[in-house]
Amino acid sequence: MLDPKLLRENPQAIDAMLVKRGAEPMVEHLIEMDEKRRSIMAELQELQSKRNDISKQIGISKSKGEDASGLFDDMKAIGPRVKELEEEERKANQLFDTVWAGIPNMLDDSVPEGEDEDDNVEVKKWGTPKQFSYTPKQHFELGEELGMMDFETASKVCGSRFWWNKADIARLERALASFMLDLHMEEHGFEEQSVPSLTSQKSMFGTGQLPKFEEDAFVTNDERGLILIPTSEVPMTNYMQERIVQESDLPFRFVGFTPCFRKEAGSAGKDTRGLIRVHQFHKVEMVQIVHPEKSMEALDFMVGCAEKVLQKLELPYRVITLCSGDIGFGAVKTYDLEVWLPGQDAYREISSCSNCGDFQARRMNGRFKDMETGKNRFVHTLNGSGVAVGRCLVAVLENYQQEDGSIVVPEVLRPYMRGQEIIKKRG
């Protein structure tokens with residue numbers, strides 16, 4: 001959520017940001033709503049003050065034994081209007097807060113302008129895609145031919161866009177997650193968190209998934225309206241919900257491995273086979289909670305952590321900066337990592353690392369006590385995939401495939417596979 005002061009001090013910056021993101025300007029509408037609710041508040045405060053004065057006068061009159069009936073009549077005349085204004089104020093505030101909560105984050109000056117993903121800017125490439133002497137297969141072809149991916153059973157049991165991994169491929173998936181967690185904890189100083197897969201609507205609002213992305217969420221019929229997490233960013237970042245920490249406590253670096261749940265309503269007909277777009281997937285997620293002056297530095301660090309995963313797996317990738325028309329709702333700046341998939345002959349997203357500034361912290365009221373001023377300030381929050389395990393499995397299967405359909409186990413994963421070097425069809 002943006003700082004409300006921005007609307008009064010620099011409204012043009014909000015409209016400029018909206019235009020840059022490809023949205024319609026709406027500051028004029030916001031200002032009208034803000035002025036209306038302020039007008040209601042002013043009238044209400046004036047009548048409340050008048051009512052308090054009358055109440056005092058009644059007390060004085062009674063203490064003197066004077067007739068206060070006229071004052072009671074004045075009090076009764078004010079009462080209905082006060083109630084009307086209180087209801088008008090509630091509705092005006094609710095309307096403004098709803099619209100204000102739907103305004104996306106301000107963008108860093110370094111974010112390139114553009115309309116969509118075609119305007120994203122490549123900033124780095126690592127590794128050289130392997131040249132195959134045959135036409136490389138896609139991951140689902142490899143998995144099904146090995147007898148270790150069973151999409152037919154997944155569809156029968158759960159419906160479309162689900163997966164069913166078996167045997168050595170299921171084990172390889174688990175090995176990837178364990179490798180990533182160990183790397184981020186041992187080399188990068190993250191602290192592992194084991195968090196719930198259900199979260200509250202308040203927490204989803206805190207990280208910006210609600211109300212904007214409500215249609216993408218799996219909401220339970222529990223009386224509390226609990227929601228299956230779209231990523232462990234939601235519970236881990238909400239560690240700061242209604243919390244004040246000491247400046248010396250910062251930064252927090254959290255890493256978690258969880259299932260993630262998202263509806264893919266907006267991608268009908270795209271990636272209908274395999275693990276690229278599914279309703280449930282696994283991800284190792286990184287979250288940082290930092291001092292405001294350190295967040296851009298923390299973003300670069302987080303990108304480097306995600307890169308290290310792919311480098312150790314020897315998977316070619318590229319880093320791109322998302323343009324203004326493609327960047328997420330709550331992000332100040334975002335880098336995506338795209339891994340090379342030879343079966344698709346294309347780079348595909350495997351990690352997204354974002355600096356959200358104080359946008360999420362304002363929504364969840366997460367602050368730290370500034371040692372110099374003694375005042376409470378909002379923290380900055382960052383999140384990044386470290387990385388998406390399912391998509392990393394796709395990349396390993398496609399990049400390490402052999403002509404006979406077997407899969408070479410990357411060297412860094414072999415300790416997690418009890419030394420196994422090759423995945424091949426059994427029997």
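How many helices and strands make up the secondary structure of the protein? There are twelve helices and 15 strands. Helices (H or I, at least four residues) and strands (E, at least two) are DSSP runs, numbered from the N terminus.

This is a predicted model, in which local features need pLDDT of at least 70, side-chain atom pairs count only at pLDDT 80 or more, and totals for chains, interfaces and linings use all residues. Residues are numbered from 1 along each chain as its sequence is written, and side-chain values use heavy atoms, with hydrogens and water left out.

**Overall picture**

The C-alpha trace spans about 105 × 45 × 40 Å along its principal axes. The protein has 427 residues, and 49% of them count as buried. Buried means under 20% relative accessible area, exposed means over 50%, and partly exposed lies in between (1.4 Å probe, protein chains only).

The exposed area of the protein is about 21,200 Å². Carbon and sulfur atoms supply 46% of that area. Such areas come from the Shrake-Rupley method with a 1.4 Å probe; for residues, only the protein chains shown count as cover.

Contact means heavy atoms within 4.5 Å. Take the contacts between residues at least 6 apart in sequence: 73% of them join residues at least 24 apart.

**Charges and salt bridges**

The protein carries 55 positive and 72 negative charges. Their mean positions are 4 Å apart. Lys and Arg count as positive, Asp and Glu as negative; His and the chain ends are not counted. The place of a charge is NZ of Lys, CZ of Arg, CG of Asp or CD of Glu.

A salt bridge is a side-chain nitrogen of Lys or Arg within 4 Å of a carboxyl oxygen of Asp or Glu. The count comes to 22 salt bridges. The table gives three of the pairs.

| Acidic residue | Basic residue | N to O distance |
|---|---|---|
| Glu43 | Arg81 | 3.1 Å |
| Glu87 | Lys91 | 3.9 Å |
| Glu122 | Lys125 | 4.0 Å |

Salt bridges that share partners also join Arg8, Asp34, Arg37 and Arg38 into one network.

The salt bridge of Glu43 and Arg81 links distant parts of the chain. Glu43 sits in helix H3 (residues 27–63) and Arg81 in helix H4 (residues 69–101), 38 residues apart. Glu43 is partly exposed, at 31% relative accessible area. Arg81 is partly exposed too, at 27%.

Glu87 and Lys91 both lie in helix H4. They are four residues apart, about one turn of the helix. An α-helix has 3.6 residues a turn, so residues three or four places apart point the same way. Glu87 has a relative accessibility of 33% and counts as partly exposed. Lys91 is partly exposed at 49%. Glu122, in the third pair of the table, is partly exposed at 38%.

**One face of helix H5**

Which residues of helix H5 (residues 139–146) are buried? They are His139, Phe140, Leu142, Gly143 and Leu146. Seen down the axis of H5, these residues fall within an arc of 160°, so they line one face of the helix. The arc is that of the directions from the helix axis to the C-beta atoms.

The buried residues of H5 pack against three helices: H6 (151–158), H7 (167–186) and H12 (389–399). They also pack against strands S14 (407–408) and S15 (422–423). Just after H5, Gly147 takes a positive phi of about 75°.

**A buried threonine**

Thr237 lies in helix H9 (residues 233–237). Its relative accessibility is 0%, so Thr237 counts as buried. Leaving aside neighbours within four places in sequence, Thr237 is in contact with Thr207, Val287, Ile289, Gln360, Met364 and Thr381.

**Backbone exceptions**

Most residues other than glycine have a negative phi, and most peptide bonds are trans. A cis peptide bond joins Leu210 and Pro211, with omega about 5°. Pro211 is in the loop between helix H8 (201–206) and strand S4 (227–228). A cis bond also joins Gly386 and Val387, with omega about 10°. Val387 belongs to strand S13 (residues 380–388).

Glu314 is not a glycine, yet has a positive phi of about 55°. Glu314 is in the loop between helix H10 (295–312) and strand S8 (317–321). Its relative accessible area is 53%, so Glu314 is exposed. Arg418 also has a positive phi, near 55°. The loop between S14 and S15 holds Arg418, which is exposed at 78% relative accessibility.
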